[in-house]
Amino acid sequence: MRRMPVSRHVSVEIDLGQIRRNAESLTQRVAVPLLAVVKADAYGLGAGRIVPVIDDLVSGYCVFSFAEAADLRSHYGSAKPLLVLSPDGPEDPSEFIAQNARPAVSDAKRAASLAGARPVLCVDTGMQRFACPAEQIDAVLRAGGCDEAYTHATNLEQVEHFKGLLGGRGLRLHAAGSSLLDRPAAWLDAVRPGMALYRGAVRVSTTLADARRSKGAVGYSGFESSHHGVILAGYSNGLRRGPCLVNGVRRSVREVGMQSAFVDLGPDDRAGAEVVLLGDNLTLEDLAPAWQSTPHEVLLRMCGVGLRFYPGA
Ligand SMILES: *Cc1c(COP(=O)(O)O)cnc(C)c1O
């Protein structure tokens, strides 16, 4: 896969112990099986490192593509069942069976051709994205011989709607990702957390390559600042403008160039000082408004800005 180049000056520290603690506290809290979502290389944290750390705590994994399922099976040392969420993928059920993977299906034609792989019905309750509309549920269940169904719910009303459509048929049902884990009514027979596993586990940092008192307008944009510094990561590495911490004080990445960026400083900040781009008390929620994005996207992008490390592992 072609990715943006990482900056060698930025470290992305991933705390595998924190991910395990997150999984442990989820298993204690929700009391139904966890289907850990490890799509997109575990949100950029490295599925190959995450899977062995949580494997005994989860009952299976969700990936997006069939290629991710094959990678997980061949390289990451888990025998747990996989659910492949993508509407695209092999037409031949034996390919899924060989990976102990089950395809999500949302139309009768695909459900029929993949019936041998025990397909899982994906139901639309509002997302309106590759999922089965209510009026086709019976046809898809019949065609695929399905014993499991899920929806991608973002609120409790959608979960209730899903239960109304699929309940009482003896199917295994699941609806909740991270955003509904605090609502027991959404747990049903399993939960599918992604973000809740990775929260608090990533710290992204670099050091000031330069620090100086500003003389007039600075940078391409001519921003005003009393003191500024430079870090060696830029938009070619996926970095954007937003808050950061310098010597533990909240500052900001003021202007982002291709492979470097300007940071606001206080008068006592010096070259070599640590600049934290994510972590300590700077959260994904702090960054998301500045990045005009979601916490999920900030996490993925931040993990790609620098070199990943797994301290203590
Ligand atoms: C990505 C995804 C999830 C996990 O979402 P989080 O908000 O990260 O917990 C759950 N279910 C489906 C279908 C998904 O695509």
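This is a short chat about a predicted model, its ligand and some of its aromatic rings.

Colleague: What should I know about the model before I start?

Modeller: It is a predicted model, in which local features need pLDDT of at least 70 and side-chain atom pairs count only at pLDDT 80 or more, while totals for chains, interfaces and linings use all residues. Residues are numbered from 1 along each chain as its sequence is written, and side-chain values use heavy atoms, with hydrogens and water left out.

Colleague: How many residues surround the ligand?

Modeller: There are 13, each with a heavy atom within 4 Å of the ligand, and the closest are K39, Y43, S178, G194 and M195.

Colleague: Which polar contacts does the ligand have with Y43 and S178?

Modeller: Counting a polar contact as a pair of N or O atoms within 3.5 Å, an oxygen atom of the ligand is 2.5 Å from an N or O atom in the Y43 side chain, and a polar side-chain atom of S178 also lies 2.5 Å from a ligand oxygen.

Colleague: Switching topic, how many aromatic pairs are there?

Modeller: The structure holds four, where rings of Phe, Tyr and Trp (its six-membered ring) pair if their centres lie within 6.5 Å, and planes under 30 degrees apart count as stacked, over 60 as edge-to-face and the rest as tilted. One of them is F66 with F96, an edge-to-face pair at 5.0 Å centre to centre with 70° between the planes.

Colleague: Are F66 and F96 buried or exposed?

Modeller: Both F66 and F96 are buried, a term for under 20% relative accessible area, with exposed being over 50% and partly exposed in between (1.4 Å probe, protein chains only).

Terms used:
Polar contact = N/O pair within 3.5 Å; in protein donor to acceptor, adjacent residues only side chain to side chain.
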